[in-house]
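Me: Please take a close look at one part of this model, the open sheet, and describe how its strands are paired. Then set that part against the rest of the chain.

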Amino acid sequence: MSRPFAPRLRVSSLVSGWMPTGDEVLYANYLVVAGGGGGGRDSAAGGGGAGGVRSTKDATGGGGSLETPFLVTLGTTYTITVGGGGNGSTLPNGTSQSNGSNSSIAGTGITTITSTGGGYGASYQNVTQVVPFTSAGGNGGSGGGGCITDGISFSSTSGTGTANQGFNGGAITAFTYMGAGGGGASAVGGTATSTNGGAGGAGITAFGISVGGGGAGANQGTTNTPLGGNGGGGNGGIRSSATEAQNGSVNTGGGGGGGIDNGSTGGGEGGSGVVIIDAGMVATSTTGSPTLSGTIYTFTASGTITF
């Protein structure tokens, strides 16, 4: 009796330069990073949260298990969306900051793979008009950091991250007058202390690049520098020296640093996202001008890819 035919299974990136013959099962590894959240502005503003991170290789966001590669259908065009970073607040009352935008991979035959934009950092004057006054960092892929609180008449909370994408913004300590750090892909944002704004939560390294660092909270009372998280997070502003907050790094999903009330630029902008796909073969067509290294396509702007 003849042996029944069994299709050959090929998991992506095992063989460089492989060409299909028609009976293979082809899977694509990916990294999808959303845009980071913008930092708040005004006294002791919070840092923006990192954009959500989903990856099938090396590490992924939120402390979860690696994502599952998706099954590629030859001839299908997949739409790649690269999310922009959120705005840092430029208004004196700190109300114009925003979350980062989502990044995704979509196409016929797959469930859309979406990473959620990072949450914005809180601002002291961006409050509800009831007692106790409250101000909150935005929820997102990683949560934005909260701002100052006295525990009585004014309170603030940090935003929450998305499961398996990122972590929450940092904790607030009463009477410190420092901003909390935005959450990162691999760690909660730093706590605001009496000596410095909270550091941005750390990001992860996947496909050889560091992404998903949270933005640091602002420092209102000392000369210390609040540091953004590894993976593109922006440093927080320093009020005593009028040092401006930094933007999150482009194409990392890093959160923007928390801004100061005596600066001219406000909260840091969130860094734009990035999408990487490796199906172990060269695509038949792309749009959006991705870079190609071997069989790895890196999209720094939205586009399409067809295998």
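Reply: The accessible surface of the protein comes to about 11,700 Å², and carbon and sulfur atoms hold 53% of that area. This is a predicted model. The protein has 307 residues, of which 52% count as buried. Its secondary structure consists of 16 strands and 0 helices. Among contacts between residues at least 6 apart in sequence, 53% join residues at least 24 apart.

Now the sheet. It is open, contains 5 strands in the order S7-S6-S5-S16-S13, and its pairing is antiparallel. The edges are strand S7 (113–115) and strand S13 (285–287), each of which pairs on one side only. On average, neighbouring strands of this sheet are turned by 10° against each other, with direction ignored.

Strand S5 (residues 77–81) is a convenient place to start. On one side, S5 is joined to strand S16 (residues 303–306) by 4 bridges, and the two run antiparallel. On the other side of S5 in the strand order comes strand S6 (residues 103–106), paired with S5 in the antiparallel sense over 3 bridges. Thr 79 can be followed into both neighbours: its bridge partner in S16 is Thr 304, and in S6 Thr 79 stands opposite Ala 106.

From S6 the path goes on to the edge strand S7. S6 and S7 are antiparallel and share 3 bridges. One of the residue pairs is Ile 105 with its bridge partner Ile 113 in S7. S6 and S7 form a hairpin with 6 residues between the strands, and in this hairpin Gly 109 takes a positive phi near 95°. As a general point on reading such pairings, side chains in a regular strand alternate between the two faces of the sheet.

Next, the charged pairs. The count comes to 2 salt bridges. In one of them, the side chains of Glu 67 and Arg 54 meet with an N to O distance of 3.0 Å. Arg 54 belongs to strand S3 (53–55), while Glu 67 lies in the loop between S3 and strand S4 (70–72); the two residues are 13 apart and link distant parts of the chain. Glu 67 counts as buried because its relative accessibility is 17%, under the 20% limit. Arg 54, at 18%, is buried as well.

The other salt bridge is formed by Asp 261 and Arg 239, whose closest N and O atoms are 2.7 Å apart. Both residues sit in the loop between strand S11 (209–211) and strand S12 (274–278), 22 residues apart, and this pair also links distant parts of the chain. Asp 261 is partly exposed, with a relative accessible area of 27%. Arg 239 is partly exposed too, at 33% relative accessibility.

Last, a feature of the surface. Ile 152, Phe 175 and Tyr 177 form a nonpolar patch there, with about 350 Å² of accessible area together. Within this patch, Tyr 177 comes from the loop between strand S9 (154–157) and strand S10 (204–206). Tyr 177 has 37% relative accessibility and therefore counts as partly exposed.

Technical notes: Residues are numbered from 1 along each chain as its sequence is written. This is a predicted model: local features need pLDDT of at least 70, side-chain atom pairs count only at pLDDT 80 or more; totals for chains, interfaces and linings use all residues. Side-chain values use heavy atoms; hydrogens and water are left out. A salt bridge is a side-chain nitrogen of Lys or Arg within 4 Å of a carboxyl oxygen of Asp or Glu. Buried means under 20% relative accessible area, exposed over 50%, partly exposed in between (1.4 Å probe, protein chains only). Two strands pair if DSSP finds at least two bridges between them. Axes are lines fitted to C-alpha atoms, for helices over the stretch in contact, and angles run from 0 to 180 degrees between N-to-C directions. Patches are made of residues with over 30% relative accessible area and no salt bridge: like charges are joined within 9 Å, nonpolar side chains (Val, Leu, Ile, Met, Phe, Trp, Tyr) within 5 Å. Accessible areas come from the Shrake-Rupley method with a 1.4 Å probe; for residues, only the protein chains shown count as cover. Contact means heavy atoms within 4.5 Å.
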